[in-house]
Amino acid sequence: MRTLITAWAAHSPLGRDANAHINAALGEPASGPRLVPGFDIREALGRKKTQSMERATGLAVAVVGQVLGRLGLGPDGPFSDPEIGLVLSVSDNMQAVVDFAGDTWSYPKPYQVDPGKIPAGLMNFHAGQCAIWYQLKGPNATVCGSDAGMLSALNYARRLQRGGHARTVLCGAVEEYSPARAAYEAASTEPGARRPAGEGCVVFALETAESATVAASAQPLAEVLAVEFGVYLDVGDVRSALSACIGRALDRAAVSAEKVQAVAPSPSIGARGSAELSAIADVLGEVRLATAWQDALGDTRAAAAGFQILELLVTPGDPGQVVLVTTSDDEGRVACAVLRIW
């Protein structure tokens, strides 16, 4: 069963529409965190049901709506599908958890809290809100996997399709910038070991070639040939773990290393970033690296691999070219995806 990417939408520090990403204006990035410019939840989604909506939820709902609107995949669209699935990679809703914990100290005795804030602290809250907002009745799943989260979500979405649980799956990732995240990263990360924090959301529409809905109406953008994962115990093992992971992915995709025309590595810097680049060189030799967006986007964590895929999709290249996305994280994961860009 072939999995095709047939559409995408994104909000990122580059902008909030397709043109901002296709014709990205990459000047000198501003200092400090990389934020989605001009994003206001009430302006984007209206005042109804948004009064207490978290920023990450607002980004996810807005971008999912763009994909559905672009393809007419809603309940009344020309390609109506009552069981559209959604798989979303997220972080751990850190700001919502911190805000709720703060209420336990600031509310009057006996330490009552706002019950309306409880759901926002759950990892599946964003995906659930998207399903409620757009009446998506198919499988609804959340993956929490740090920098490798988007590729985990992509793999999960393919399994849903292969298992016959959904023909059309919206697969994406969201990450917000917040004071709580900034404080956590400052305390847990070595100085200079990560890029400035960034935020954003990217969502892809995935269809099988056999479903013949959206795929029949337009030229697919890409085909997902393989997704592979590995683990490492120490940062010194990243190179060998990722090299093996890339090799397995190429074997599964039945693609030789010489056929790979471009690689989008993760925005990691420091020892782990250097090891990732060395692993790519070990397997592929000299190959074009798609890294133009890294400084402008910053460290988007859960959404990082999604933006790596997107940069490859919108960068001009030969029709039918094979490309790779690689990533690693602080928790011992490495991952790789092989795609054919149409």
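This passage describes confidence, helix α9, salt bridges, cysteines and two loop residues in a predicted model.

The mean pLDDT of the protein is 88. Of its residues, 93% reach 70 or more. Confidence varies among the elements. Helix α9 has the highest mean pLDDT, 98. Helix α8, residues 214-217, has the lowest, 50. Where pLDDT is low, the predicted coordinates should not be read in detail.

Helix α9 covers residues 238-253. Its 16 residues should span 22 Å at 1.5 Å a residue. The end C-alpha atoms of α9 are 22 Å apart, so the expected and modelled spans agree. Several residues of α9 are buried, including Val238, Ala241, Leu242, Ser243 and Cys245. Ile246, Ala249, Leu250 and Ala253 are also buried. The cover over these buried residues includes strands β6, β7 (260-264), β9 (321-328) and β10 (333-341). Helix α10 contributes to that cover as well. After α9 comes Ala254, with a positive phi near 55°.

A search of the whole structure finds 9 salt bridges. One of them pairs Glu223 with Arg2, with the closest N and O atoms 3.2 Å apart. Glu223 lies in strand β6 (residues 222-231) and Arg2 in the segment before β1 (3-11), so the pair ties together parts that are 221 residues apart in sequence. Glu223 is buried, at 10% relative accessible area. Arg2 is partly exposed, at 38%.

Another salt bridge joins Arg55 and Glu199, whose closest N and O atoms are 2.7 Å apart. Arg55 belongs to helix α3 (residues 55-71), and Glu199 to the loop between α7 (179-188) and β5 (200-208), so this pair ties together parts 144 residues apart in sequence. Burial was computed for each partner. Arg55 is partly exposed, with a relative accessible area of 24%. Glu199 is buried, with a value of 0%. Buried here means under 20% relative accessible area. Arg55 therefore counts as partly exposed at 24%.

A further salt bridge connects Asp282 and Arg239, with 2.7 Å between the closest N and O atoms. This pair links distant parts of the chain, 43 residues apart. Asp282 sits in helix α10 (residues 270-284), and Arg239 in helix α9. Asp282 is partly exposed, at 43% relative accessibility. Arg239 is likewise partly exposed, at 40%. Salt bridges also form a network that links Glu228, Arg248 and Arg252.

The same kind of search finds 0 disulfides in the structure. Cys130 is in no disulfide, and the nearest cysteine sulfur, that of Cys201, is 7.2 Å away. Cys130 is buried, at 0% relative accessibility. Cys171 is in no disulfide either, and its nearest cysteine sulfur, again that of Cys201, is 11 Å away. Cys171 is also buried, at 0% relative accessibility. A disulfide requires sulfur atoms within 2.5 Å. The 7.2 Å distance from Cys130 to the sulfur of Cys201 therefore leaves Cys130 unpaired.

Two loop residues were examined in turn. Arg195 is placed in the loop between α7 and β5. Arg195 is buried, with a relative accessible area of 17%. A polar atom of the Arg195 side chain lies 2.8 Å from the backbone oxygen of Pro267. The side chains of Arg195 and Gln294 are joined by a polar contact, also of 2.8 Å. Beyond its neighbours within four places in sequence, Arg195 is in contact with Pro267, Ile269, Gln294, Asp295, Gly298 and Asp299.

Ala290 is located in the loop between β8 (288-289) and α11 (294-297). Ala290 counts as buried, at 5% relative accessibility. Residues up to four places away in sequence aside, Ala290 touches Val263, Ala264, Pro265, Glu311 and Leu312. From C-alpha to C-alpha, Ala290 and Val323 are 9.8 Å apart in space. In sequence, Ala290 and Val323 are 33 residues apart.

Conventions
Residues are numbered from 1 along each chain as its sequence is written. This is a predicted model: local features need pLDDT of at least 70, side-chain atom pairs count only at pLDDT 80 or more; totals for chains, interfaces and linings use all residues. Side-chain values use heavy atoms; hydrogens and water are left out. Helices (H or I, at least four residues) and strands (E, at least two) are DSSP runs, numbered from the N terminus. Buried means under 20% relative accessible area, exposed over 50%, partly exposed in between (1.4 Å probe, protein chains only). Contact means heavy atoms within 4.5 Å. A salt bridge is a side-chain nitrogen of Lys or Arg within 4 Å of a carboxyl oxygen of Asp or Glu. The expected span of a helix is 1.5 Å times one less than its number of residues. pLDDT is the predictor's confidence in each residue, from 0 to 100. A polar contact is a pair of N or O atoms within 3.5 Å; within protein, one must be able to donate a hydrogen and the other to accept it, and residues adjacent in sequence count only if both atoms are side-chain atoms.
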